[in-house]
Amino acid sequence: MKKRLSYRFRLAIVVFSAIICVLPVLFIVLNSLMSADEAASRYTSRVTPVTALGLTDGNLHYVEATLIPDLLTLSGFRDILMHDPTNLRFLWNSLILAVPIVVGTLIISPMAAYAFERLRAKHKEKLFFAYIITMMLPMQALLVPHFIAANFLGITDNYLAIILPAIFAPFGVFLIRQQMKSFDKATIEAAKIDGANELQIFTSIVLPNLKPTMTALMVLSFSEVWNLVDQAVVFIREVRFMPLATQLSIAYSDGMISTVFAISTVFMIPALIVFIYGQDNLAEGVGYTSFR
């Protein structure tokens, strides 16, 4: 009886937590099907003929949030995809940034992690600690040295100013090295005795066993760069080269509330696809971050 109650209690907590996590996503998706007039009436302070009838406190109009719109329509998606094709350009800009960063991270991180793990040097761990300590710094604190370096290289108004620092970020190296610590050292030594060099050991033994961590790194790297805003504002001067994430704030400041919901829904789709693809290995890969 006690076990059954305990199971039901844990199940209730899980279900409640799932609802809390899913509710904001469901709210955005359903509100993206709202008409522009209803969105303006519900989510702005603008007084419309509809809201004017319900004013009870002078000229104040309060937000009237809802989960299900009064009228379901695809006009918001039609506006951002057909009437204003610049949103597709912003989506393409996000992909131009995300794909090279994710691919570069999946190439550089395992090689750097293998070098740190196999290197026999006196101050190796101190060097590695100094490298990963930058993960504790907020991204805004790193923008200044990144800008100085980009200015020195002459790429301040270029996607490379964002891509290069992201590719060499320490998180991927740390994550993959933690899994490498659990590798059977006898297998690697046996391969060396058989005449395999370090490149052969890395490509034939180590790399094939990194799938869970590599998949987790792909999901986490993509989600981070897909939400990129601050770096774009600092390093990209022309609006037409901005990623889609920056368009959300622009649309909101312009009062296009229905457009914000529609863009947010489109914005979630690529991240959702990547998450679904890597969800089986995500928990296992992140589990290797425990210190050994």
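## Helix packing and a cavity

Trainee: What angle do α6 and α9 pack at?
Mentor: In this predicted model, helix α6 (residues 124-132) and helix α9 (residues 170-180) pack at about 135 degrees, and their axes are 9 Å apart. Angles over 145 degrees would count as roughly antiparallel, so α6 is oblique to α9.

Trainee: Which residues make the contact?
Mentor: From α6 you have K124, E125, F128, Y131 and I132, and from α9 there are P170, V173, F174 and R177.

Trainee: And how do those divide into nonpolar, polar and charged?
Mentor: Six are nonpolar, three are charged, and no polar residues take part in the contact of α6 with α9.

Trainee: OK, what about α9 and α12, what's the angle there?
Mentor: α9 and helix α12 (residues 211-226) pack at about 160 degrees, with axes 10 Å apart. The two are therefore roughly antiparallel to each other. Their crossing is right-handed.

Trainee: Which residues of α9 and α12 make that contact?
Mentor: On α9, look at F171, G172, L175, I176 and Q179; on α12, they are P212, T213, M214, L217 and L220. By class, the contact of α9 with α12 has seven nonpolar and three polar residues, with no charged ones.

Trainee: Switching to α10 and α11, how do their axes cross?
Mentor: Helix α10 (residues 185-193) and helix α11 (residues 198-206) have axes that come within 10 Å and cross at roughly 130 degrees. That makes α10 and α11 oblique to each other. Is the crossing left-handed or right-handed, you may ask? Right-handed, for α10 and α11.

Trainee: Which residues meet there?
Mentor: T187, I188, A191 and K192 in α10 meet E198, I201 and I205 in α11. The contact of α10 with α11 counts four nonpolar residues, one polar and two charged.

Trainee: New topic: how many cavities of 30 Å³ or more are there?
Mentor: The count comes to one cavity of 30 Å³ or more. The largest cavity has a volume of about 50 Å³.

Trainee: What lines the largest cavity?
Mentor: The lining is I80, L81, N87, L88, L91, L244, I263 and V266. Seven of the lining residues are nonpolar, one is polar and none is charged.

Trainee: Which helices supply at least two residues of that lining?
Mentor: α4 (75-83), α5 (86-118) and α15 (257-287) each do.

Trainee: And which gives the most to the lining?
Mentor: α5 does, with three residues.

Notes
Residues are numbered from 1 along each chain as its sequence is written. This is a predicted model: local features need pLDDT of at least 70, side-chain atom pairs count only at pLDDT 80 or more; totals for chains, interfaces and linings use all residues. Side-chain values use heavy atoms; hydrogens and water are left out. Axes are lines fitted to C-alpha atoms, for helices over the stretch in contact, and angles run from 0 to 180 degrees between N-to-C directions. Helices (H or I, at least four residues) and strands (E, at least two) are DSSP runs, numbered from the N terminus. Angles under 35 degrees count as roughly parallel, over 145 as roughly antiparallel, 65 to 115 as roughly perpendicular and the rest as oblique. A crossing is left-handed if the near helix is turned anticlockwise from the far one by less than a right angle, and right-handed if clockwise. Contact means heavy atoms within 4.5 Å. Ala, Val, Leu, Ile, Met, Phe, Trp, Tyr, Cys and Pro count as nonpolar, Asp, Glu, Lys and Arg as charged, and the others, Gly among them, as polar. On a 1 Å grid over the protein atoms alone, a cavity is a set of points where a 1.4 Å probe fits but cannot get out, and a pocket is an open set with protein on both sides within 12 Å along at least five of seven lines; lining residues have an atom within 4 Å of a point. Grid points are joined across faces, edges and corners, and a volume is the space filled by probe spheres set on the points.
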